[in-house]
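Thanks for making time this morning. I would like to take you through one model, going site by site, and I will try to keep to what the coordinates themselves show.

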Amino acid sequence: MFTLSEHPHRRFNPLTNEWILVSPHRAKRPWQGEVAGTPPETRPAYDPTCYLCPGNARAGGNVNPPYTGTFVFDNDFPALLPDTPTDEPTDHPLFRVQGERGICRVICFSPRHDLTLAQMETPDIRRVVDTWAEQTLDLGGRDFIRYVQIFENRGEMMGASNPHPHGQIWSTMRLPREIDKELTAQHDYFNAHGVTLLGDYLAEERRRAERLVYANEHWTVLVPFWAVWPFETLLISNRAVPSLPALDDAERDALADALHQITVRYDNVFRTSFPYSMGFHQAPTDGAQHPYWHLHAHFYPPLLRSATVKKHMVGYEMLGTPQRDITAEQAADRLRQQSAVHYTRA
Ligand code: H2U
Ligand code: ZN
């Protein structure tokens with residue numbers, strides 16, 4: 001008899017139409033040899049050398065205002081520019097090029113240099129949620145911006161350049177690759193069933209209750225069935241709204257609470273400031289209605305079995321298919337068991 005916890009198998013990701021390989025037999029004792037974590041970093045609340053702290057100068061000579069909540073500025077080293085040619089020179093079909101326009105911004109989550117989302121108070125995270133929604137409206141409202149990607153790289157391991165709590169926004173005239181895949185899948189599902197793909201998926205996950213990590217009245221955090229990163233989670237809005245600006249007051253408070261819950265649990269797993277890349281996937285901002293799009297966020301953390309052992313996508317994963325040892329069910333169990341109090345305060 002086939003069991004998910006015993007036998008090597010493939011799992012299908014219906015959001016991207018891709019398969020992943022699961023090797024549960026390799027992680028029979030996944031927590032052996034676990035280390036005790038790293039001592040909490042001690043950082044000052046204000047760092048005079050930090051380019052994100054209030055009142056400090058950034059590259060290019062701009063000076064941050066003495067901000068007290070969130071603070072947004074145009075990236076001084078933007079990956080995309082608002083004014084650039086958008087031609088598609090036709091030279092050779094195997095050498096395709098498209099000019100791409102966009103706007104990149106940086107969001108400071110807090111004036112406090114020493115905090116992370118996991119250590120911020122929920123009402124302060126709520127201000128970050130409001131800033132993300134405002135930015136989606138502002139950037140998405142530009143005639144040439146069709147997609148607003150909000151994300152956070154946390155930790156040096158994920159390439160974050162600075163420990164000051166911050167995230168980024170890259171908004172573009174064309175849909176990014178992951179959005180393209182998710183759009184097709186969600187659009188086709190909605191056409192076939194008349195409900196959102198993630199709405200049906202959420203109902204089924206709640207019934208099965210094997211991969212749930214945390215739920216409040218408006219949001220659910222779970223390890224998706226098809227997870228590939230060790231402690232990957234999906235944060236799904238219970239109501240099928242297409243984007244952040246559509247969230248009402250109660251849903252925004254609940255989102256701040258869910259973000260607090262998941263980031264604290266992450267830090268508690270290995271008693272470390274847990275690295276990850278996270279971001280929201282919302283509907284395109286092209287002026288059309290997107291009833292099939294169901295707002296959600298992905299957390300992709302690379303830590304595998306301690307504060308130092310990291311999953312690398314190498315070898316078979318680069319050349320074949322992404323693979324995981326710890327099953328989604330084991331990871332969800334582990335996250336669910338964590339205290340909702342940050343380990344530095346317990
Ligand atoms: P990351 O930590 O995720 O790299 O984000 C920091 C961003 O801040 C990065 O994109 C920008 C970098 O370009 N930055 C500025 O805009 N101004 C500065 O003075 C330094 C860094
Ligand atoms: Zn700082």
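I will begin with the metal, move on to the bound ligand, and finish with a few places in the loops.

Please keep in mind throughout that this is a predicted model, and that the values I quote are computed from it.

Let us start with the zinc ion, which is ligand 2. Which protein atoms act as its donors? They are SG of C50, SG of C53, ND1 of H113 and ND1 of H164, and they lie 2.1 to 2.3 Å from the zinc ion. Written along the chain, the donors of the zinc ion follow the spacing C-x2-C-x59-H-x50-H. The pair C50 and H164 links distant parts of the chain, 114 residues apart, since C50 sits in the loop between β2 (18–22) and β3 (71–74), while H164 sits in the loop between β5 (147–154) and β6 (166–172).

As for the geometry, the 4 donor atoms subtend angles of 101 to 116° at the zinc ion, and the arrangement is therefore tetrahedral. For reference, the ideal angle for four tetrahedral donors is 109.5 degrees.

Are these two linked donors buried or exposed? C50 has a relative accessibility of 3% and so counts as buried, and H164 is buried as well, because its relative accessible area is 1%; the cut-off for buried is under 20%.

Now to ligand 1. There are 14 residues surrounding ligand 1, and the closest are A59, N75, D76, S161 and H166. Taken by character, the residues of this shell divide into 6 nonpolar, 6 polar and 2 charged.

Three polar contacts deserve a moment here. In one, a polar side-chain atom of D76 lies 2.6 Å from a nitrogen atom of ligand 1. In another, a polar backbone atom of S161 is 2.8 Å from an oxygen atom of ligand 1, and in the third, an N or O atom in the side chain of N153 is 3.4 Å from an oxygen atom of ligand 1. Taken alone, ligand 1 exposes 470 Å², and the protein buries 87% of that.

Let me stay with D76 a little longer. D76 lies in the loop between β3 and β4, and because its relative accessible area is 27%, D76 counts as partly exposed. The C-alpha atoms of D76 and T131, which are 55 residues apart along the chain, are separated by 19 Å.

The loop between β3 and β4 (102–108) also holds E88, which is partly exposed, with a relative accessible area of 38%. E88 and G99 are 11 residues apart in sequence, and their C-alpha atoms are 6.5 Å apart in space.

Finally, a word on backbone angles. Most residues other than glycine have a negative phi, and that is the background for the next two residues. N17, in the loop between β1 (9–13) and β2, has a positive phi near 60°, and with 47% relative accessibility N17 counts as partly exposed. R271, found in the loop between α4 (249–270) and β10 (276–281), has a positive phi of about 45° although it is not a glycine. R271 is also partly exposed, with a relative accessible area of 42%.

That is where I will stop, and I am glad to go back to any of these sites.

Note on methods:
Residues are numbered from 1 along each chain as its sequence is written. Chains are lettered from A and ligands numbered from 1 in the order in which they are written. This is a predicted model: local features need pLDDT of at least 70, side-chain atom pairs count only at pLDDT 80 or more; totals for chains, interfaces and linings use all residues. Side-chain values use heavy atoms; hydrogens and water are left out. A residue is near a molecule or strand if one of its heavy atoms lies within 4 Å of it. A polar contact is a pair of N or O atoms within 3.5 Å; within protein, one must be able to donate a hydrogen and the other to accept it, and residues adjacent in sequence count only if both atoms are side-chain atoms. Accessible areas come from the Shrake-Rupley method with a 1.4 Å probe; for residues, only the protein chains shown count as cover. Ala, Val, Leu, Ile, Met, Phe, Trp, Tyr, Cys and Pro count as nonpolar, Asp, Glu, Lys and Arg as charged, and the others, Gly among them, as polar. Donors are N, O and S atoms within 2.8 Å of the metal (3.2 Å for Na, K and Ca); water is not among the atoms, so sites may look incomplete. Four donors count as tetrahedral if all angles lie between 85 and 135 degrees; four count as square planar and six as octahedral if opposite donors are over 155 degrees apart and all others between 65 and 115; anything else is irregular. Helices (H or I, at least four residues) and strands (E, at least two) are DSSP runs, numbered from the N terminus. Buried means under 20% relative accessible area, exposed over 50%, partly exposed in between (1.4 Å probe, protein chains only).
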